[in-house]
Amino acid sequence: MLEVEGIVKSFAGLMAINELSFAVHRGDLLGLIGPNGAGKSVTVNVITGFYRPNRGSVRYRREEITGLRPDLIVRKKISRTFQHSTLFFDLSVIDNISMGVRTTSEVGLMEAVFKTGSNRQKEKRIRERAEEVIALLKLERHAYEEAKRLPYGLQRVVSMGTALAGNPDLLILDEPLTGLISAEVEEVMDRINYLHTRGLTVMIIEHNMRAVMGHCNRIVVMTFGTKIAEGTPQEIRQNPEVIKSYLGVSS
Amino acid sequence: MNNIKTFLVLILLVLLAGLPFLIKGIAPGWWELFSHILTKIFLNVAFGLCLWMMLQAGMLSLGQGAFIAISAYMTGILSVKYQLVTNLWLCYLIGALTASVVSLLLGLITVHLRRIFFLLVTWAFAEMLHPILTSFENPFGGAAGIVNIPPPSGISLFGEPGTGYYFITLLYAVVVTLIIWSVSLSKVGLIYKSIGQNDILTTFCGIHVRRYKLQVFALGCFLTGVGGGILASYLTAVSPETFTFFASLDIIMINLIGGMGFIMGPIIGAVILTGMNEILFAVGYYKMTVYGLMIILVIRFLPGGLISILAVLRTAFRRTGGNQKKGGEVERTVA
Amino acid sequence: MPSQLIMQMAVTGLVLGSIYMLMASGLTLIYGIMHQVNMAHGVFFMLGAMLAYYATKFAGLPYFVSLFLILAVFPFIGILFERVIFRPIRHLWLAGYMSTIGVWIMIEGLGWQFFGTVEKGLSFPYEVLLRLPGGVIIPLSKVTVCLLAVLIIAVVYFVVGRTKLGRQMRAIEQQPKAAKLMGINSDRVVAMGFALGITLAGMAGGLVSTLYSISPTSGSGPMLKAFIIIILGGLGSVTGSVVASFLLGFIDSFGGTLFGPQAGHFLGFALVIVLLIFKPAGIFGHE
């Protein structure tokens, strides 16, 4: 579904990604792991169009998307979340999630001003979809609260909600478990699993090896900007390169 | 709650519409003063709301005064200098379009960059305008400007021009308020707000941020321009001195003092600022000192503006009140 | 075009450039540490000029002593400014700009009240005209200003580049959170940065006071130039602002002589527009 081939990305002479290639197949729950600074987040930013790679290509469903604007890539039904709590803090939860909803045609200014029939329908559909997602994530109690008032764990849920609202086919999660306590980690992984079984292809960037190894069907390991291993959790666990990089870290 | 609000607003409008006749009946000598101040208030409400909409999207324009000037001067040029257009309403429209086009040009250069560039370029543009207007006799009339700008047709519909301008600017303010209010309640308004909060996240929601920023800027400057044209007729003359940096500053003050959280903010701010201008007008340079001090104090102690006081009162009132819907009022804050 | 005229314009360009450099580097420093543009910067220029004026006219101090006075007083003004205005609202970007605008207007208003509307002048202690090789004639005042400005910038360069304080300032500029973790007392460093930046503005004002007439609005012209310069040079880059200062100095000098006094304004603005279209990071800027 998603193919990353030969990506090279450097910033002011510093090489962040060096000849990275891997693939995400439809229906995967893929984990991208690696130590800090390995270039995982940069990879996500390149895939989603936030950075343009110096070399290499990104293909989604065999379509070349390298260097496209992020909003165009997202409209192809790829969603992503961010490493740190990234929300519209002063907006309500339902407004946050509404922003994630994609409509087939953009809401135009003229129709917004004059509140045409089709505009009203669109807005209604947006609201319905947002309420759907809120119900799915069990956020009804907080729907009209300002996002900044929520505890960190719930904020993360909201950002996932915003990503899900667009009904993506591919969901990329950038370190979704950071800062969560183990009970919350379980919850989040359960939700991800649930979505995965319903047909969503997921790519998780994570540090938390146990969660990743336990749930993903394929793993890609990165260090210093390149891939050092790719395969099933068992294969990765036995891979000598990986063991060398993660000396001392139990998996 | 919304029905009460709508009702109150309608009452206010009826009151404003009837005010000329009321005052002329009771104390006719006062009408001229009233209409003068209220006309200015209505214009400022519109200018303030346009900037408010831009501020929602995180765009602080320090050059709104310049866009007013562009439209005002265009009106003067078309109607007086070159006598190309006799219909003043058309002049206002062309002036507004000119302001809008200029804003698009500036926007195309700055809007996708860091916010500070937008700030600096709009400021630099506003500063540049003054010497440009002063230096060229054609078409700007140089330091003297353009005089004898005529009123629009229909001005004497209700008696003397003063009352005519009163109703024109009232209508203008109402239309602008309706448009901006309507946008703010829609998904487009939500997009503006989210751009203001976090434009990267907005991009990742599938929104072409640059396009929406250009849109809000162009719309705001167009609506502002209409008022600029009306202002030209109202003052009957335009000169470089009319549109200094303080024109832009006033509009920012309106938003700051009134508050940017709710649409009522700039409306209240416009009333207060216009009132202050009239009082401080006689006080000359003290005005600058007072203004400056006010800005500092408001930001330090009341960053949400006056409307934030009202918001606090409103929540307090609601908590002690009787009828609460289960789960609290579902109120989408008016943008 | 006679080579003497070109030389004359070049020399004027150098002088202008050195003055702009003082203004712009102060602004750049403050922008670097705070990521806020100090809209009040021009007002400190004006205060510097005023201090020089009142010190010489009313306190009878020699001109150069008044410059030392600026050097002594303005750091405290800078620290005060940062503490009172900036610190409480550091985290809100809009509030920061607006507060500095407030300070600008308030102080300019006070300036009008105390100074009056009549422009005043201060004359350089030694009214000497120098004749440089190439036939260029230039007053000693301008040469002194230029040399002093260069000296001051050299000191700034040294401080920013080589001292511990300078390193700390750069650390805060690039990675504010990491800097804090490493134990850098960011409050103190920011205060020092302001002290330096504001003093630069004040010195610029003091130096220029003998070249042009003084009025409460003296600061806005240099400030606009400074803004243009920091965009051209790249926000936060001191080297960039130095280069851009001289670039603008030459543009103003040549443009002013050839096309009229306002030409420099527009050319500078036009240059900014062109730059923003093609290289918004500025000549030396980084993303």
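In chain A of this predicted model, 4 strands come together as an open sheet, and reading across it gives the order S2-S1-S4-S5, with antiparallel pairing. The two edges of this sheet are strand S2 (14-24) and strand S5 (63-64) of chain A, each of which pairs on one side only. A helix also belongs to this picture: helix H1 (residues 40-47) of chain A packs on the sheet, where it touches S1, S2 and S4 of chain A, and its direction makes about 65° with that of S2(A). Strands of a sheet pair through backbone hydrogen bonds, and the pairing may be either parallel or antiparallel. One pairing can be followed in detail, since strand S1 (residues 2-11) and strand S4 (residues 55-60) of chain A run in the antiparallel sense and are joined over 5 bridges. To find one such position in the structure, look for Glu5(A), whose bridge partner in S4(A) is Ser57(A).

Stepping back to the whole of chain A, its secondary structure comes to 10 helices and 10 strands. How does the overall size of the chain compare with that of a compact globule? For 251 residues, such a globule would have a radius of gyration near 18 Å, and because chain A has 19 Å, the two agree. Along the principal axes, the C-alpha atoms of chain A fill a box of roughly 65 × 40 × 35 Å. Of the 251 residues in chain A, 40% are buried. Among the contacts in chain A with a separation of 6 or more, 66% are made by residues that lie 24 or more positions apart.

Chain A also meets a neighbour, for 25 of its residues are in contact with 22 residues of chain B. On the side of chain A that touches chain B, at least two residues are supplied by each of helix H2 (70-74), helix H3 (93-100), helix H4 (109-114) and helix H5 (117-136) of chain A. The largest share, 4 residues, comes from H3(A). Sorted by class, this side of chain A holds 12 nonpolar, 5 polar and 8 charged residues.

Finally, chain C offers a helix that can be traced from end to end. Helix H8 (residues 186-208) of chain C has 23 residues, and from its first C-alpha to its last it reaches 33 Å, close to the 33 Å expected at 1.5 Å a residue. Is this helix mostly covered or mostly uncovered? H8(C) is mostly covered, with 20 of its 23 residues buried.

Methods:
Residues are numbered from 1 along each chain as its sequence is written. Chains are lettered from A and ligands numbered from 1 in the order in which they are written. This is a predicted model: local features need pLDDT of at least 70, side-chain atom pairs count only at pLDDT 80 or more; totals for chains, interfaces and linings use all residues. Two strands pair if DSSP finds at least two bridges between them. Two residues are in contact if their C-beta atoms, placed from the backbone, lie within 7 Å. Axes are lines fitted to C-alpha atoms, for helices over the stretch in contact, and angles run from 0 to 180 degrees between N-to-C directions. Ala, Val, Leu, Ile, Met, Phe, Trp, Tyr, Cys and Pro count as nonpolar, Asp, Glu, Lys and Arg as charged, and the others, Gly among them, as polar. The expected span of a helix is 1.5 Å times one less than its number of residues. A residue is buried if 20 or more other C-beta atoms lie within 10 Å of its own, exposed if 12 or fewer, and partly exposed in between; C-beta atoms are placed from the backbone. The radius of gyration is taken over C-alpha atoms; the globule rule is 2.2 Å times the number of residues to the power 0.38.
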